[in-house]
Amino acid sequence: MNYLVAVFPDRMVAEEAYTVLEKKGIKSTILGRGYKSADEFGLIDPKEEAKKQAKFMSYWLVPFGFVAGFTFSLITGLNTFAWAGEIGNHFIGGLLGAGSGALGAIFVGGGVGLVFGGGDALPYRNRLDAGKYIVVVEGPQSANRETTRILRQLEPENIQGYAAE
């Protein structure tokens, strides 16, 4: 399925675009105040994606950090916490390694999710937050030329096509 996304400055033009497309038998959706929200339509929130990525990375970074910290303490034989004894020192080393793994998951996983998780969704979310309206047309590639021609007559701020994988 292919998508054609057009951004309009106000509600009246977006409604006109929707009406013209509907008369031509082309299915479309309006996003904006009073219509579907970005979440209802399914635009990915980069912050949520970052949280998911950080959580996913923590599943393997925290245990790996624990093992690495425990092993480092075991190999070096450091007696950092004399009150904990030999096994306690290794266990504390493991906990410190697990903490480092958790920090790595938060910073790397969350950062990667914020930078790469949103794709084009973030600019569209920002436009919706600015009070603009988006008309999304879903259909086969063959209908995109006619739809683009119709939408260009209404002078959208931006028009972009996407191919769903």
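In this predicted model, F66, F70 and F91 are linked into a cluster by ring pairs. Across the whole structure, the search returns 4 aromatic pairs. One of them joins Y35 and Y133, whose ring centres lie 6.3 Å apart with the planes at 85°, so this pair is edge-to-face. Distant parts of the chain are linked by the pair, as Y35 sits in the loop between strand 2 (28–31) and helix 2 (38–41), Y133 belongs to strand 3 (residues 133–139), and 98 residues separate them. Y35 counts as partly exposed because its relative accessibility is 29%. Y133, by contrast, has a relative accessible area of 8% and is therefore buried.

Within the cluster, the rings of F66 and F91 have centres 5.9 Å apart and planes at 70°, so this pair is also edge-to-face. F66 is part of helix 3 and F91 part of helix 4 (residues 85–116), so the pair ties together parts that are 25 residues apart in sequence. Both rings belong to partly exposed residues: F66 has 26% relative accessibility, and F91 has a relative accessible area of 44%.

Helix 3 (residues 46–76) also contains Y59. This residue has a relative accessibility of 57% and so counts as exposed. Together with F56, W60 and F64, Y59 forms a nonpolar patch on the surface, and the accessible area of the four residues together is about 540 Å².

The interior was examined next. In soluble globular proteins, nonpolar side chains tend to be buried together. The largest nonpolar core in the model comprises 16 residues, and those with the most contacts inside this core are F8, A14, A17, L21, V135, V137 and L151. Two or more residues are given to the core by each of strand 1 (2–8), helix 1 (11–23), strand 3 and helix 6 (141–153). Helix 1 gives the most, with 4 residues. For L21, when residues up to four places away in sequence are not counted, the residues touched are I26, S28, V135, V137, T147, I150 and L151. A second core, separate from the one described above, has 8 residues, among them V5, A38, L128 and V136.

Charged side chains were considered last. Side chains of opposite charge can pair when their charged atoms come close. The structure holds 2 salt bridges. In one of these, E15 is paired with R11, and the closest N and O atoms are 3.1 Å apart. E15 and R11 are 4 residues apart in helix 1, so about one helical turn separates them. Both are partly exposed, E15 with a relative accessible area of 26% and R11 with a value of 35%.

The other salt bridge is formed by E157 and K132, with 2.9 Å between the closest N and O atoms. This pair links distant parts of the chain, 25 residues apart: E157 lies in the loop between helix 6 and strand 4 (158–163), and K132 lies in the loop between helix 5 (121–129) and strand 3. E157 is partly exposed, with a relative accessible area of 40%. K132 is likewise partly exposed, with a relative accessible area of 24%.

Definitions and conventions
Residues are numbered from 1 along each chain as its sequence is written. This is a predicted model: local features need pLDDT of at least 70, side-chain atom pairs count only at pLDDT 80 or more; totals for chains, interfaces and linings use all residues. Side-chain values use heavy atoms; hydrogens and water are left out. Patches are made of residues with over 30% relative accessible area and no salt bridge: like charges are joined within 9 Å, nonpolar side chains (Val, Leu, Ile, Met, Phe, Trp, Tyr) within 5 Å. Accessible areas come from the Shrake-Rupley method with a 1.4 Å probe; for residues, only the protein chains shown count as cover. A salt bridge is a side-chain nitrogen of Lys or Arg within 4 Å of a carboxyl oxygen of Asp or Glu. Buried means under 20% relative accessible area, exposed over 50%, partly exposed in between (1.4 Å probe, protein chains only). Rings of Phe, Tyr and Trp (its six-membered ring) pair if their centres lie within 6.5 Å; planes under 30 degrees apart count as stacked, over 60 as edge-to-face and the rest as tilted. A nonpolar core is a set of buried Ala, Val, Leu, Ile, Met, Phe, Trp, Tyr and Cys residues joined through side-chain atoms within 4.5 Å. Contact means heavy atoms within 4.5 Å.
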